[in-house]
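Colleague: Could you take me closely through a single part of this model, the sheet and what packs against it? I would like one connected account that I can follow with the structure open beside me.

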Amino acid sequence: EDLDKGLEKSSTSFLSKLTKAVAGKSKVDDDVLDNLEEILVSSDVGVNTTLKIIQRIEARVSNDKYLGTDELNKILREEIAGLLSETNSGEASEFEVPKDKKPYVIMVVGVNGVGKTTTIGKLANQFKKSGYSVVLGAGDTFRAAAIDQLQIWADRVGVPIIRQQMGSDPASVAFDTLQSAVAQNADVVIIDTAGRLHNKVGLMNELTKIKRVMEKVISDAPHDVMLVLDGSTGQNAFEQAKQFTAATEVTCLAVTKLDGTAKGGVVIGISDQFQIPVKYIGVGEGINDLQVFNKYEFVDSFFK
Ligand code: GDP
């Protein structure tokens, strides 16, 4: 319901814009397609993905010769669901911890302010509620506030946190965290990292070093690298995805702040352009405001 609440605002505008775009037209023609292109771009779907969608609709128009505007909504939904299906297989339900990974290690990356700490806290809570033991690692050692914030979440959720002083080596924190998790026989480890986008090489070196050190404790860790993006930042989110995917192998995404004025189109564009599945969406500041991404629900909300 939270997703509906948030996206309704945006999708009302998406739908109302779409309705306006076809007003007085019974047939999907070049005018309608031009308007549609504008709407998709202004909904943060991104230029490349927008063009892909437009091309697919053009192909259907030329196949059918006549495509009524009354069908456009349905066809758009199909195309968007199709795009999301390329990277988001199946219907998401509860998140499962792989049985053969113990502890299962998630490294979380993203720039400051996107909701990284909050997402880690919410995620730790979900795992704990599902019966898993969780250890957090405060790897963002460049900001004292980041360590303190994560500590607050660890206390709130009731899970242990491994931290060092501000300014210490993030890789060393990651190493300690994994060792501690192994010693405690923990199920899940979530490691925070610094969100500095100083430059590409700097970011790459930092994340590579953390991974290398983790491998000393658990040879195939981290098992997932989750990039957190703020869904309300449009073009910035695309830019961040570009930089982080160039710096490290991102395996999944969490898109936050979809409860606000975010248009949600970021989810469609980023999962398509970077071919990375969206695992979670953030729909509020509260501890329970994290949902496993369900592409069907998402498309429904987007078009509501
Ligand atoms: P970090 O710097 O990336 O660790 O960001 P934080 O986790 O500290 O979050 C930054 C701000 O965004 C905080 O005020 C959070 O409460 C807020 N925030 C995080 N996720 C969401 C979300 O899904 N929805 C909303 N509305 N706010 C969020």
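Modeller: What follows is a walk through the sheet, its strands and the elements around it.

Please keep in mind that this is a predicted model. The sheet is open and has eight strands in the order β3-β2-β4-β1-β5-β6-β7-β8, with mixed pairing. At its edges stand β3 (161-162) and β8 (290-292), each with a single partner strand, so one side of each is left without a neighbour in the sheet.

Towards the β3 edge, strand β2 (residues 134-137) pairs in the parallel sense with β3 over two bridges, and β2 also pairs in the parallel sense with β4, here over four bridges. Gly 137 takes part in both pairings, since its bridge partner in β4 is Ile 191 and its bridge partner in β3 is Ile 162. In a regular strand the side chains alternate between the two faces of the sheet. In β2 both faces are covered, with Val 134 and Leu 136 buried on one side and Val 135 and Gly 137 buried on the other.

Helix α8 (residues 200-217) packs on the sheet, where it touches β1 (104-109), β4 (188-192) and β5 (224-230), and its direction makes about 170° with that of β1. Helix α7 (residues 170-184) packs with α8 at an angle of about 25°, their axes being 8 Å apart; because angles under 35 degrees count as roughly parallel, α7 and α8 are roughly parallel to each other. Their crossing is right-handed, and the residues that meet there include Ala 174, Phe 175 and Leu 178 from α7, and Ile 210, Val 213 and Met 214 from α8.

Further along the sheet, β6 and strand β7 (residues 278-282) pair in the parallel sense over three bridges, and Val 255 stands opposite Ile 281 in β7. In the loop between α9 (235-247) and β6 (252-256) lies Thr 248, which at 9% relative accessibility counts as buried, because the cut-off for buried is under 20%. Leaving aside its neighbours within four places in sequence, Thr 248 is in contact with Leu 207, Lys 211 and Val 225.

Finally, an unreviewed UniProt entry places the feature "domain: SRP54-type proteins GTP-binding" at residues 277-290. In the model that stretch is 0% helix and 43% strand, and its end C-alpha atoms are 16 Å apart.

Notes: Residues are numbered from 1 along each chain as its sequence is written. This is a predicted model: local features need pLDDT of at least 70, side-chain atom pairs count only at pLDDT 80 or more; totals for chains, interfaces and linings use all residues. Side-chain values use heavy atoms; hydrogens and water are left out. UniProt positions are given in the numbering used here, feature names are shortened, and annotations may be inferred rather than shown by experiment. Buried means under 20% relative accessible area, exposed over 50%, partly exposed in between (1.4 Å probe, protein chains only). Contact means heavy atoms within 4.5 Å. Two strands pair if DSSP finds at least two bridges between them. Axes are lines fitted to C-alpha atoms, for helices over the stretch in contact, and angles run from 0 to 180 degrees between N-to-C directions. Angles under 35 degrees count as roughly parallel, over 145 as roughly antiparallel, 65 to 115 as roughly perpendicular and the rest as oblique. A crossing is left-handed if the near helix is turned anticlockwise from the far one by less than a right angle, and right-handed if clockwise.
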